[in-house]
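Trainee: Please take one part of this model and go through it closely. I would like to hear about pairing, packing and charged contacts together.

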Amino acid sequence: DRNGQINLPYAGPVRVWGLTFKDAGELINRQLSRYYRGIQTSVTMGRLRAIRVYVVGEVCQPGSFTLSSLSTVTNALFAAGGPIKLGSLRNIQLKRNHHTVGTVDLYDFLLRGDKTQDFRLESGDTIFLPPIGSIAAITGEVKRPSVYELRGMVRVSDLIEMAGGTTPRSYLKRVQVMRSKPNAEREVIDLDLTDHGGNG
């Protein structure tokens with residue numbers, strides 16, 4: 001079914017989503033052997049149905065896409081060529097029947113490999129990428145110097161963590177923060193992160 005479960009006689013629902021045919025066969029066999037003696041199982045899969053979804057907003061190729069029924073938000077973004085430079089990576093919205101059913105933060109996937117919030121799609125879904133939110137650039141002795149999209153209150157140490165942490169050559173006694181103000185002025189703050197245990 002849509003949740004990746006199959007219903008077995010007597011044994012009830014068994015979750016097989018994400019399993020190989022071999023693992024699914026072994027799981028089904030174990031469940032059924034509680035109720036039937038000497039049972040053998042064979043797992044085959046019929047043709048997957050296709051679904052049509054829409055990807056709009058700040059993406060390379062906005063439009064409608066035909067995908068496998070097992071597709072997720074990430075699969076749809078890849079089909080649309082991914083976000084453009086002005087697209088948010090942290091507030092990707094999944095809309096279904098005129099309601100937002102969830103938001104995806106791609107940083108969880110890109111920085112930590114976490115796909116737990118990568119929603120399964122249904123036919124007619126719309127994925128909307130709004131413009132990028134607040135940003136901060138980090139340069140110097142960090143592993144991934146770049147521009148990062150911020151979400152909520154972010155400490156300097158959080159930004160350093162997003163950038164993969166410091167290199168062995170980093171000097172935490174003098175970390176310089178340059179802040180742009182609305183009137184085009186720049187504020188420069190020197191921080192000693194060794195005094196804060198790296199939590200500035």
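Mentor: Burial terms come up throughout, so here are the cut-offs: buried means under 20% relative accessible area, exposed means over 50%, and partly exposed covers what lies in between. D158, with a relative accessible area of 23%, is therefore partly exposed. Keep in mind that this is a predicted model.

The part I would pick is strand β5, which spans residues 92–96. Four of the five residues in β5 are buried, so the strand is mostly covered. Its setting is an open sheet of five strands with mixed pairing, in the order β4-β3-β7-β5-β6. The edges of that sheet are β4 (63–68) and β6; each has a single partner strand, so one side of each lacks a neighbour in the sheet. From one strand to the next, the twist averages 30 degrees. As a general point, strands of a sheet pair through backbone hydrogen bonds, either parallel or antiparallel.

Now the partners of β5. With β6 it forms five bridges, and the two strands run antiparallel. One pairing to find on screen is I92, whose bridge partner in β6 is V104. β5 and β6 form a hairpin with two residues between the strands, and N97 takes a positive phi near 50 degrees there. With β7 (126–129), β5 pairs over three bridges, again in the antiparallel sense. Here L94 stands opposite I127 of β7. At the other end of the sheet order, β3 (residues 50–57) is joined to β4 by six bridges, and that pair is antiparallel as well; R52 stands opposite T66 of β4.

The packing picks up several of these residues again. The largest nonpolar core has 17 residues, and I92 and I127 are among those with the most contacts inside it, along with V55, V73, L77 and L121. β5 gives two or more residues to this core, as do β3, β4, α2 and β7. V73 is a useful residue to centre the view on: leaving aside neighbours within four places in sequence, it is in contact with I92, L94, V104, D118, F119, L121 and I127. There is also a second, separate core of 11 residues, which includes A136, I138, Y148 and M162.

Next, the charged contacts. R90 lies in the loop between α2 (73–79) and β5, and D105 lies in the loop between β6 (99–104) and α3 (106–112). Their side chains meet in a salt bridge at 2.9 Å, N to O, although the two residues are 15 apart in the chain. Both D105 and R90 are buried. The pair also belongs to a network of salt bridges that links R90, D105 and R151.

For contrast, look at two further pairs among the 10 salt bridges counted. D108 and R112 meet at 2.7 Å, N to O. They are four residues apart in helix α3, so about one helical turn separates them. R112 counts as exposed because its relative accessibility is 53%. R155 and D158 meet at 3.5 Å, N to O. R155 is partly exposed at 43%, and D158, at 23%, is partly exposed too.

Key: Residues numbered from 1 in each chain as written. Predicted model: local features only at pLDDT ≥ 70, side-chain atom pairs only at ≥ 80, totals over all residues. Heavy atoms only, no water. Salt bridge = Lys/Arg side-chain N within 4 Å of Asp/Glu carboxyl O. Buried < 20%, exposed > 50% of the residue type's maximum accessible area, 1.4 Å probe, protein only. Pairing = 2+ DSSP bridges. Axes fitted to C-alpha atoms, helices over the stretch in contact; angles between N-to-C directions. Core = buried A, V, L, I, M, F, W, Y, C linked by side-chain atoms within 4.5 Å. Contact = heavy atoms within 4.5 Å.
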